[in-house]
Amino acid sequence: MDPIRNPYAPGAGTPPPELAGRDELRDAAYIALERTRIGRPSKSLLMVGLRGVGKTVLLNRIREDAEQRGIQALRIEAPEGRSLPSILAPELRIALIKLSNRESARALAQRALKGLAGFVGALKLKYQDIELSLDLDSEPGLADNGDLEIDLQDLLAVVGEAARADGTCVAIFVDELQYVAEEELAALITALHRVSQRQLPVIMLGAGLPQIRGQMGRAKSYAERLFEFPEIGPLSREDARLAIAKPAADEGVEIERGALDQLIEETHCYPYFLQEWGKHVWDVAERSPINLSDVDLASQRALATLDGSFSLVRFDRLTPTEKRYVRAMASLGPGPHRSGDIANALGRRVSSLAPTRNQLISKGMIWSPSHGDTAFTVPMFDEFMLRIMPGDDWQSS
């Protein structure tokens with residue numbers, strides 16, 4: 001079939017042709033944003049889930065929907081090794097410039113820009129990755145103490161006042177939130193708490209790996225009362241069928257029932273894998289309808305692609321010790337696994353492996369569903385590890 005017409009879109013945050021099974025979450029976000037806009041109490045939303053469940057796609061779609069309704073949406077991705085002020089300040093500047101062009105909010109937005117100038121100036125020495133420069137005088141005493149927790153409260157408050165004057169809200173969309181340092185996460189939670197108490201129209205919608213719930217709780221014990229933590233998981237079988245079958249049907253292509261069932265089984269209904277398998281089954285099929293033999297060939301190609309990109313990128317970031325740890329996990333199956341069982345597979349004591357486990361958690365490779373349990377954050381990673389480190393040589397390497 002025509003590869004140019006291939007409707008499937010595997011990629012990091014690439015919008016799928018059919019965003020199936022996420023309407024309830026989009027509705028919840030809509031309500032939270034609109035309540036925030038009119039000054040009604042609403043919790044911030046933090047979507048949690050494994051890699052490949054479509055958190056980024058969903059967060060981007062909600063942000064685009066919000067922007068179309070006139071909400072000032074800040075788009076932030078939290079990379080490893082960058083400070084929160086360095087990624088937040090440029091987006092706040094853009095939002096405030098937009099608000100300053102509005103007659104109703106001009107004076108308050110300009111004051112907020114002065115607050116941002118003070119915020120940046122006071123924290124540049126402490127967070128040396130802040131590159132933003134503002135050609136504005138600061139307002140002495142406004143967000144310029146050099147203490148992130150205090151200054152961020154003051155800054156988001158004046159930002160919220162400007163947004164309220166314009167009848168809108170400022171929504172901070174943060175992806176990969178688990179990479180924000182705990183001290184900075186505490187400052188952000190405190191600032192959001194402050195604006196919520198004052199009923200100012202500022203809200204956060206974020207996405208992160210499952211460990212972010214524990215990180216938020218450790219940062220501030222009251223975080224659970226400020227946030228909703230909707231879990232994003234695999235699609236239902238019905239929604240997974242829709243995600244695969246509808247884009248093909250829109251192009252005039254049918255998929256035989258047995259072939260569709262096999263695609264569901266191979267992908268375990270994970271949105272990213274559905275797109276990857278969909279792309280390959282389209283490319284290998286010669287004509288409609290797509291059949292089971294097409295799926296068998298596509299599965300070989302999809303796994304080879306995943307092994308060479310999606311999984312390998314994460315594998316290559318690991319030290320030899322970390323690779324042995326996750327290989328031991330893989331030898332036990334998909335998981336979760338008890339820390340003691342992993343230690344036994346490595347012939348080590350649990351306590352001696354704690355630093356390795358903690359480092360793998362900080363890299364976003366594994367997480368702890370409950371005390372003493374460990375699981376992969378990447379679906380099907382156990383199968384990949386068995387393929388890339390076969391046999392028993394890893395035990396002695």
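This report describes aromatic pairs, salt bridges and a small sheet in one predicted model.

Residues are numbered from 1 along each chain as its sequence is written, and side-chain values rest on heavy atoms, with hydrogens and water left out. Because the model is predicted, local features need pLDDT of at least 70 and side-chain atom pairs count only at pLDDT 80 or more, while totals for chains, interfaces and linings use all residues.

**Aromatic rings**

The structure holds 9 aromatic pairs, where rings of Phe, Tyr and Trp (its six-membered ring) pair if their centres lie within 6.5 Å, and where planes under 30 degrees apart count as stacked, over 60 as edge-to-face and the rest as tilted. One of them joins Phe227 and Phe229, a tilted pair with 6.0 Å centre to centre and 40 degrees between the planes. Phe227 is buried at a relative accessible area of 2%, whereas Phe229, at 22%, is partly exposed; buried means under 20% relative accessible area, exposed over 50% and partly exposed in between, with a 1.4 Å probe and protein chains only.

In another pair, the rings of Phe315 and Phe384 have centres 5.9 Å apart and planes at 80 degrees, so this pair is edge-to-face. The pair links distant parts of the chain, since Phe315 lies in helix 13 (residues 310-315) and Phe384 in helix 17 (residues 381-388), 69 residues apart. Helices (H or I, at least four residues) and strands (E, at least two) are DSSP runs, numbered from the N terminus. Phe315 and Phe384 are both buried.

Ring pairs also link Tyr270, Tyr272, Phe273, Trp277 and Phe310 into a cluster. Over the ring of Phe310 sits the charged end of Arg314, 4.6 Å from the ring centre, a description that applies if NZ of Lys or CZ of Arg is within 6 Å of the ring centre and within 35 degrees of the ring normal.

**Salt bridges**

Side chains of opposite charge can pair when their charged atoms come close. The structure holds 27 salt bridges, each a side-chain nitrogen of Lys or Arg within 4 Å of a carboxyl oxygen of Asp or Glu. The table lists some of them, with the N to O distance and the relative accessible area of each partner.

| Salt bridge | N to O distance | Basic partner | Acidic partner |
|---|---|---|---|
| Arg26 and Asp65 | 2.9 Å | Arg26, 23% | Asp65, 21% |
| Glu103 and Arg106 | 2.8 Å | Arg106, 31% | Glu103, 63% |
| Arg241 and Asp261 | 2.2 Å | Arg241, 22% | Asp261, 23% |

The salt bridge between Arg26 and Asp65 links distant parts of the chain, with Arg26 in helix 1 (residues 23-37) and Asp65 in helix 2 (residues 55-68), 39 residues apart. The one between Arg241 and Asp261 also does this, with Arg241 in helix 9 (residues 237-250) and Asp261 in helix 10 (residues 257-267), 20 residues apart. Glu103 counts as exposed, whereas Arg106 is partly exposed. In addition, Glu18, Lys246 and Asp250 are linked in a network of salt bridges.

**A sheet of three strands**

An open sheet of 3 strands has the order 6-8-7 with antiparallel pairing, where two strands pair if DSSP finds at least two bridges between them. Its edge strands, strand 6 (337-338) and strand 7 (366-367), each pair on one side only. Strand 6 is joined by 2 bridges to strand 8 (residues 373-376), and these two run antiparallel; Arg338 has Asp373 in strand 8 as its bridge partner.
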